[in-house]
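Hi everyone, thanks for making time. I'd like to walk you through one structure today, so let's put it on the screen.

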Amino acid sequence: MKELGKDKALIINTIASFVTFIVGLGIAFFFTPYLTDTVGEEAYGFVSLGNNVINYITILTVALNSVAGRFITIEYHQGKKKEANEYFSSVLMANIAIIPVILAVAVPVILNAEKLLDIPVELEESVKLLFFFILFNFIITLISTVYNVATFITNRLYLSSIANIVTALLRVFLMCLLFGMLPPNVAYIGIVTCICTFVGLVMNMYYTRLLVPDIRLKKCYVHWGKVKELISAGMWNSISRLSQVLSDGLDLVITNIWISAYLMGELSIAQQIPTYISTLTNTLINLFSPNLTMYYAKDDTEAVVKELKLSMKFSSFFVNIIFCILVIFGKYFMQLWVPNQDVNLIYSLLVVIMMSLLVSGVTTSLNNVFLVTNRLKVNSIFWLIISFTNVLLVFIFLNTTSLGIYAVAGVSKVTGILGNLIFVPLYACKCLKIKWNTFYPIIFRYIGTTFIMMIVFFGIKRLYVLPINWITFFVVCVIAGFAGCIVNFFVLLNHTERSIMKNKIMNFFSDLGRSLMMPIAALAACGIVLGLRYMPHLT
């Protein structure tokens, strides 16, 4: 395939990432209120709980898979195709080999889930079936992980986004089919997810053959020494994943066991939108990972720093707008989205969960430094200590205060803000051997811009006197979003960056129109189908 220029690749990758985000958000928007009304918020809470439990299992596999892309990419760009193939084949075979171990541990746990969790009797069968399909989905994902590297190596991440869009639209079709023709059952979500993940695997296998035909699975390339090398390098990522589980992944488990299944369901609803924003943030940041890895492979530190700063500005430009809209107008959104739930509670939890974006929206880009430079140890140990502290504080607050669910949702956000503000930028500079305060001007500029934007949005909210419905809410959000873009353009960006953006805007919209022609048609069709099927549940 013809190579894309850097700017062209960034534009196309960004467009595809946003389409993927909108599709996923649209699915959550339509299906969440429908599912909570049909299967109940308690049953729906077990979907998030099951996915969180799978995150515990990934602690065992992330050591191998998290650094595989880096090693394969660096060897490939350095022209060492044989070594790249060895890493590729060894990782794939190691993932296949670990599947029986995972099944041997997970199957008995699922069969006895009612003894470990607070599961209503009438939901036991469907929840167990849901957990089995979530487990099978993880196995498919495990096999497909190494095939994602093809679009990364060639910086054609938009192809992965296209695969995500295809599977998302397939998910819509299958969800409509199952919930429209059969009695409601939360297990359908797991079935549909398995099918869609398998389709994504097939597409990424095709991309691998198309983009990097010289990367192949061959028995002669399998070397367990390579597996040991990758695990040694990535073991600290496993510790980082453990830190994430302790900080966030235990929220639903703690709520289920120590508070109630009902509040677990409410918390899972509040986590929906922040989860998608986190996914969008990571997706935008990952657009820069191929170039970061390539520059580091060429020992060009100046280019790495420049790319990191661009990544920080680029991701924060979008994240703070979404953050401010949800904080200022989020209660209206919840009233329209899940009117049959405890709107005040869910909105309060949403605000607590969102607060971490006040810093992480700009500093998350710097986490790429630790992976690219293979300096994961200190970062992992730091967040592990923070995570154990979080769990301890949660139990202290649960037993000594009346904060309850707010303690579960909020403790990790407060410590996360401090860690991202102090440790992450300082250690990133140390890893790159650059001046300690290199990234702080961007960070403080982002925080200041966000507070200014919140003031502007609050002023818009004071003028919001129209009846609260989806049309007026959408109009107000568009106005606020446009105002947010103006604030970012003149406050977040410096003079040089504004000039660069002016020169690229016309090209961006030109590519946007061409690239989104088919996705927009698909989204329109998807919206019509979902609207006809599920709008009665939203009104």
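**A cavity, a pocket and a helix pair**

Let me begin with a small enclosed space: the second largest cavity is lined by L292, Y296, V304, L308, N368, V369, V372, T373 and L432. Before I say more about that, please keep in mind that this is a predicted model.

How much volume does the second largest cavity have? About 40 Å³. With the rule used here, the count is 4 cavities of 30 Å³ or more.

Which elements supply at least two residues each to that lining? They are α13, residues 289–297, together with α14 and α17, the last of these being residues 367–372. The largest share is from α17, with 3 residues. By class, the lining of this cavity splits into 7 nonpolar and 2 polar residues, with no charged ones.

Let me step back to the whole chain for a moment. The secondary structure amounts to 23 helices and 0 strands. There are 539 residues in the chain, and 56% of them are buried. If you take the contacts with a separation of 6 or more, 84% are between residues 24 or more positions apart.

Now from the cavity to an open space. The second largest pocket holds about 490 Å³. Its lining has 21 residues, and V53, Y56, I57, A106 and V109 are the closest to the centre. Two or more lining residues come from each of α2 (41–65), α4 (81–111), α5 (113–116), α6 (124–144) and α11 (251–259). Which of these gives the most? That is α4, with 7 residues. And for those of you thinking about the chemistry of the lining, the classes are 20 nonpolar, 1 polar and no charged residues.

Next, a helix pair. We met α14 at the cavity, where it supplies at least two lining residues; here we look at how it packs with α15. In general, one describes two packed helices by the angle between their axes and the distance between those axes. For α14, residues 301–337, and α15, residues 343–354, the angle is about 170° and the axes are 9 Å apart. Angles over 145 degrees count as roughly antiparallel, and α14 and α15 are therefore roughly antiparallel to each other.

Who meets whom at this contact? On the α14 side we have I322, F323, L326, V327, G330, K331, M334 and Q335, and on the α15 side V343, N344, I346, Y347, L350 and M354. Sorted by class, the contact between α14 and α15 has 10 nonpolar, 3 polar and 1 charged residues.

Finally, two backbone details for anyone who likes checking torsions. D299 is not a glycine, yet its phi is positive, at about 60°. You will find D299 in the loop between α13 and α14. Is D299 buried or exposed? Its relative accessibility is 66%, so D299 counts as exposed.

K433 is the other one: again not a glycine, and again with a positive phi of about 60°. K433 is in the loop between α19 (405–432) and α20 (440–462). At 72% relative accessibility, K433 counts as exposed too.

One last link back to where we started: L432 is among the residues lining the second largest cavity, and α19 runs through residues 405–432. That's my tour, and thanks for listening.

Conventions:
Residues numbered from 1 in each chain as written. Predicted model: local features only at pLDDT ≥ 70, side-chain atom pairs only at ≥ 80, totals over all residues. Heavy atoms only, no water. Axes fitted to C-alpha atoms, helices over the stretch in contact; angles between N-to-C directions. Helix = DSSP H or I, 4+ residues; strand = E, 2+ residues; numbered from the N terminus. Parallel < 35°, antiparallel > 145°, perpendicular 65-115°, else oblique. Contact = heavy atoms within 4.5 Å. Nonpolar A, V, L, I, M, F, W, Y, C, P; charged D, E, K, R; others polar. 1 Å grid on protein atoms, 1.4 Å probe; cavity = no way out; pocket = protein on both sides within 12 Å on 5 of 7 lines; lining within 4 Å. Points joined across faces, edges and corners; volume = space filled by probe spheres on them. Buried < 20%, exposed > 50% of the residue type's maximum accessible area, 1.4 Å probe, protein only.
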